[in-house]
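Here's a quick tour of a few spots worth finding in the viewer. Have the sequence open alongside as you read.

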Amino acid sequence: MAIANTLVPARDTRALLIKWIVGLLVPIAVFTFVWSGEEIINQSLLTILGLGGVSDIAVLIEITLFIIVFYATVIALAGYLVAADSGQRGMIELWIDIAVFVLLPLFLVINQGLIIGLAVCAIIWVIYFFARRSVYRALHYTPPIPSLNLRVLDAEQRVDLRNRAIAGSFWFSVVLAVTWLVVDLIFYFIGQLPTALLIWVVIRTLLLPVAGYFLGRLAAVIALRRTVAPKNNGNGENSANGGARPTKRRRQLESLSATRFREEAQDLVPNDLPARSTGATRFYLILLVAFVVFYPVIDPFLFGFGTNGRLAGYGDAGYYVILALGLNIVVGFAGLLDLGYVAFFAIGAYTWGIIGSTQLTNVLNLAPVDAHLLSLLFWPMLLVAALVAALFGVLLGAPTLRLRGDYLAIVTLGFGEIVPIVFLELDAYTNGTNGIVGVRSPAFFGIDWSVITPVPYYYLILALIAFSIFTNIRLRDSRLGRAWIAIREDEIGAASSGINLVTTKLFAFGTGAFFSGIAGAYHTAKLGLVSPDSFSFGDSIIYLAMVVIGGIGSIPGVIVGALLVYTLNVFLPQQLAASATDPTSVFYGIQNTLVHYIPGFSFGNIRNLIFGTLLVVIMIFRPEGLIPSARRRRELRHTGEEGVEVGSLDVIPGAPGFEEGVHVE
Amino acid sequence: MALFFQILVVGLTTGAIYALIALGYTMVYGIIELINFAHGDIFMIGTFICISIFGLFGITNSSVAPTGFALVGILLVTLLVSMTLCAGLGILIEFVAYRPLRNAPRLAPLISAIGVSLILEDIGKLWKGVIIVPFPQIFPERTRIGRAMRAVAQDREAAALMGVNVNRIITITFFIGAALAGAAALIWGLKYGNTNFTLGFTLGLFAFTAAVLGGIGNLVGAMLGGVLIGVVEALATYIPDTTVPGVTFGLPHGGAAWHEAIIFVILILILVFRPSGLLGQQTPEKV
């Protein structure tokens, strides 16, 4: 009976239910029926039933896991969103947003492939933002202020919130189950669905609502964690903390400035834009991680043939991420402009190149090391390469300690030029312009990586990226990381506060170089060769662009920056050049028209032109980077102008009278 | 002794070109503290402009070179046009890529400058192709603006309060700097006889190094740095090659291959002992 009560939505919840169920169901339906969701499930079921499908049992387990994680996360997300929504923003607004930011990319990616699809999306999004802004202006519309809506929830409201979450997940899965049933029946009658799978259709239709109920309870827990609880009422979901958390939270809010308060309000429940709150971000992260981890098995379903080529490309994009994270330590955290980061990358690459091939044993006239043993050596050498790079980072950083600003930049630039020249000219050890070829690829538990499959490299780079992200976050929040940021903000101030400038700066150079050493060793192992051409000043510049475009000092920012720069610099020109040779494509016509006016024009030829233009445009419109770190955003964007100040509210949030003041009717 | 003078002359000529380009770097840096990465590429475009102007006069590689007054006249016109066009390009770049970023964080205009440099490089590539382009061989203050420029360099806001049109001064700086690159372009073409779309990048790097070496923002320092780099580069070619049997002292493949590394090592050494460059002022930081 209690369950039944929670599942029948209260009247004010119904509008929210419709808003979010429709909003989420449409993209999920597109993914399931138009794209590959259904296909993936059916293939795995067919395998279980012994009717064909995928042949490999490991692949089967992986796709099953992916499907479970994917749908479970979406159902729980529905519950969270219904619970967390304050109901201030209208349905239509949300649906337009979902259409533009979810449906449009889905359709474009299905039609045009991942890279071109997302590139077209980016252009449309920019136009959309401008259009929306001018429409708002024309209508004199100002979005509601999140802080006005912040409520302190008492026990009753918390139960209410919990019920809303459960209702959200439950009804979302009911609607999903029914839709799916109808579609499957249609498929069955046109003969596209094997009869054996009808059993599954029945089970699924019954199973989904039950799963929805329990996932809704999970979503409720997540949503309740982000509410502001009243004084002396710390129990509820947080009883384990003995009520310490809400009090602390309130005290924090009390001391915040208006701008900070508005930022913080975005994290709390209820929220005007729950789809952008930190709670929802957790769900997106789970989806993203599931997608990235299981990508090699689901790629054939999503994009068809050519998985290996794509995976190899993404593996290359991965080492850019590590480089960006490493450079971010030097430039972003410590504020030391480094224009020669490529030097450390080269050192890491050559370390494994010299050890991992017959180069060293040939030079020293020794008997070559057993090839298999050499492959196993990759793992310790990955660390050694990183440490060697870090050592050089410290060594080359030492002369720059007295220098400031652009003098520092030119000295690092100098090292970035010297190191590749040394590698190029010391050809006794490095084989000069020819580079070192025949570098062994790693071996792992008897799996031979030299077979032409990029999957092991894909997972290796994923693991390395995960390691880099983890260490970067820990470093940033450590004593050392705070010292770096202090130096960046004010060197003299930091020194007067007792920070040792010499060791702190050298640590920054060393740690930054450490990551590029990892990236270098990986790069060499993946290519199987190392060539002096890959380490020019231009590369250093591109690494710097990744960090600045992403937002210096922001870890998610530089990851996005790295992927974006790699896309703009490598994927996009390739794709454009490929499209331009295809007579059915639009780009074919464009290229042929332009060739008449500009002889020698081709999309492959204007790679730098496109990249450079985009750099300028991005910098003009987002000088602080795409995802600036919170600290820099506060410095650079004065968000205090629009909206009301906290002081103009009747009672300051968190102040003694606040709870009574904003009680819900 | 004759050899020494020969090296010195070669070094001084190259160094003078570096110095001309370095002047542009250092002026812009002095005013808005921006490493104008596009400057080298303006120079490269300048060399292409010169070739095109020669083409308009009917001078190509295969044609007979004019003599006497015609030669001087053509050179003067080319110099003027090249300087004007480069100056226009400089102003355009400043207007499009740097002016919107006047109050942005410091690295934003730097990335924007890199973007412009990449754009110019590809324009050069589309214009003349990826080949090495032969250059026609036709032979072998104290003004008011200056004071305003120094005022803007010292304190932009204070200068604005004193009635200096800051944006105009910055535009003039870009004009003069880019015009000097245009002049350097003609001299380069006449001396070396060829050009290429990647020229801006390499030469720009040396010129920037020269500017820093002399103390960035300091005009005399930029010229000194340019000449110094030119001479070092010329001297480096005389370092023997140890891969040749019997040579024990020197560097593998000879000094010419290492000249960039040598220049940067010298730069680093100088900066270690004089952190603001040769003629740069050590400004104590006030708290």
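## Around an asparagine

Setting aside neighbours within four places in sequence, A:Asn328 is in contact with A:Phe333, A:Val547, A:Ile552, A:Gly553, A:Ser554, A:Ile555 and A:Val558. Keep in mind that this is a predicted model. A:Asn328 sits in helix 13 (residues 307–333) of chain A, and it's buried, at a relative accessible area of 0%. As for polar company, its side chain reaches the backbone nitrogen of A:Gly553 at 2.8 Å.

Next up, a helix. Helix 17 (residues 378–397) of chain A runs for 20 residues and covers 27 Å from first C-alpha to last, close to the 28 Å expected at 1.5 Å a residue. Its buried residues include A:Phe378, A:Met381, A:Leu382, A:Ala385 and A:Ala386. And what covers the buried residues of helix 17? Helix 14 (342–355), helix 16 (371–376), helix 18 (405–425), helix 20 and helix 23 of chain A are among the elements that do.

Two of those covering helices, 20 and 23, also share an aromatic pair, A:Phe467 with A:Phe515. Over all chains, the structure holds 41 aromatic pairs. In this one the ring centres are 6.4 Å apart and the planes meet at 45°, so the pair is tilted. A:Phe467 lies in helix 20 (residues 455–477) and A:Phe515 in helix 23 (residues 501–527), so the pair ties together parts 48 residues apart in sequence.

Here's how exposed the two partners are:

| Residue | Relative accessible area | Status |
|---|---|---|
| A:Phe467 | 37% | partly exposed |
| A:Phe515 | 2% | buried |

Definitions and conventions:
Residues are numbered from 1 along each chain as its sequence is written. Chains are lettered from A and ligands numbered from 1 in the order in which they are written. This is a predicted model: local features need pLDDT of at least 70, side-chain atom pairs count only at pLDDT 80 or more; totals for chains, interfaces and linings use all residues. Side-chain values use heavy atoms; hydrogens and water are left out. Rings of Phe, Tyr and Trp (its six-membered ring) pair if their centres lie within 6.5 Å; planes under 30 degrees apart count as stacked, over 60 as edge-to-face and the rest as tilted. Helices (H or I, at least four residues) and strands (E, at least two) are DSSP runs, numbered from the N terminus. Buried means under 20% relative accessible area, exposed over 50%, partly exposed in between (1.4 Å probe, protein chains only). The expected span of a helix is 1.5 Å times one less than its number of residues. Contact means heavy atoms within 4.5 Å. A polar contact is a pair of N or O atoms within 3.5 Å; within protein, one must be able to donate a hydrogen and the other to accept it, and residues adjacent in sequence count only if both atoms are side-chain atoms.
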